[in-house]
Amino acid sequence: MGYKAMRMAQAKGAKLIVPVPRKSGNAERSDIWLPLRAGTDAAMSLGWLNVFIEEELYDKAFVRDWTVGFEQLAERVREYPLDRVADITGVDAELIAKAARLYAT
């Protein structure tokens, strides 16, 4: 998405989450900036998935009808509680949870 389109979407109420190590222009204009350590985005994603599953912030009917391996995924992401993800990424656990909830809703 281009800069102008992103700003127009934000003007219409879209939320912007920016997971980057350094505060960029987009990070300054974001609703949530996640200043994660370089190379830790996979851990951040697993932490978000943990929040989605633990808090049931996903479409259960879709998962039931259209996915394979969801239980294995849920088991795997349990290995990434937010305190562990915070240690890996350097981002506060509550900020990670806030971003995951915003994204999911």
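Let's start at Glu56. Glu56 sits in the loop between helix 3 and helix 4. Its phi is positive, about 55°, although Glu56 is not a glycine. Buried or exposed, then, for Glu56? Partly exposed, because its relative accessibility is 49%, and the exposed class begins over 50%. Keep in mind that this is a predicted model.

Stay in that loop for Glu55. Glu55 makes a salt bridge with Arg101. The closest N and O atoms are 2.8 Å apart. What does this pair link? Distant parts of the chain: Glu55 is in the loop between helix 3 and helix 4, Arg101 is in helix 7, and 46 residues separate them. Glu55 is partly exposed, at 35% relative accessible area. Arg101 is partly exposed too, at 31%.

How many salt bridges does the structure hold? It holds 3. Here are the others. Arg64 pairs with Asp65, with closest N and O atoms 3.0 Å apart. Arg64 counts as exposed, because its relative accessibility is 60% and the cut-off is over 50%. Asp65 is partly exposed, at 47%. Then Arg76 and Glu79: their side chains meet at 2.4 Å, N to O. Arg76 is partly exposed at 40%. Glu79 is partly exposed at 39%.

Now the overall layout. The chain has 7 helices and 2 strands. From the N terminus, the order is α-β-α-β-α-α-α-α-α. The C-alpha trace spans about 40 × 30 × 20 Å along its principal axes. There are 105 residues, and 33% of them are buried. Take the contacts with a sequence separation of 6 or more: 50% of those join residues 24 or more positions apart.

Next, the core. In soluble globular proteins, nonpolar side chains tend to be buried together. Here, the largest nonpolar core has 23 residues. Which of them touch the most other members? Ile17, Leu34, Met44, Trp48, Val91, Ile96 and Ala99. Which elements give two or more residues to this core? Strand 2, helix 3, helix 5, helix 6 and helix 7. Helix 3 gives the most, with 6 residues.

Take Val91 as a close-up. Leave aside its neighbours within four places in sequence. Val91 is then in contact with Leu34, Pro35, Leu36, Met44, Ala86 and Ile96. Three of these names came up a moment ago: Leu34, Met44 and Ile96 are among the core residues that touch the most other members.

Back to helix 3, for its packing. Two packed helices are described by the angle between their axes and the distance between the axes. Helix 3 covers residues 41-54, and helix 5 covers residues 70-77. Their angle is about 115°, and their axes are 9 Å apart. Which hand does the crossing have? Helix 3 passes helix 5 in a left-handed crossing. From helix 3, the contact uses Leu46, Leu49, Asn50 and Ile53. From helix 5, Phe70, Leu73, Ala74 and Val77 take part. By class, that makes 7 nonpolar residues, 1 polar and no charged ones. The polar one is Asn50, because Asn is outside both the nonpolar and the charged lists.

Just ahead of helix 3 comes Thr40. Thr40 lies in the loop between strand 2 and helix 3. Is Thr40 buried or exposed? Buried, because its relative accessibility is 9%, and the buried class means under 20%. What does Thr40 touch? Not counting residues up to four places away in sequence, Thr40 touches Ile88 and Thr89.

Last stop, the N-terminal part. Gln10 lies in helix 1, residues 3-11. Which residues does Gln10 touch, not counting those up to four places away in sequence? Leu16, Arg29, Ser30 and Asp31. Look at Asp31 in that list. Gln10 and Asp31 are 21 residues apart along the chain, and their C-alpha atoms are separated by 9.4 Å.

To recap. Helix 3 gives the most residues to the largest nonpolar core. Helix 3 also packs on helix 5 at about 115°. The Glu55 and Arg101 salt bridge links distant parts of the chain. And Glu56, in the loop between helix 3 and helix 4, has that positive phi.

Note on methods. Residues are numbered from 1 along each chain as its sequence is written. This is a predicted model: local features need pLDDT of at least 70, side-chain atom pairs count only at pLDDT 80 or more; totals for chains, interfaces and linings use all residues. Side-chain values use heavy atoms; hydrogens and water are left out. Axes are lines fitted to C-alpha atoms, for helices over the stretch in contact, and angles run from 0 to 180 degrees between N-to-C directions. Helices (H or I, at least four residues) and strands (E, at least two) are DSSP runs, numbered from the N terminus. A crossing is left-handed if the near helix is turned anticlockwise from the far one by less than a right angle, and right-handed if clockwise. Contact means heavy atoms within 4.5 Å. Buried means under 20% relative accessible area, exposed over 50%, partly exposed in between (1.4 Å probe, protein chains only). A salt bridge is a side-chain nitrogen of Lys or Arg within 4 Å of a carboxyl oxygen of Asp or Glu. A nonpolar core is a set of buried Ala, Val, Leu, Ile, Met, Phe, Trp, Tyr and Cys residues joined through side-chain atoms within 4.5 Å.
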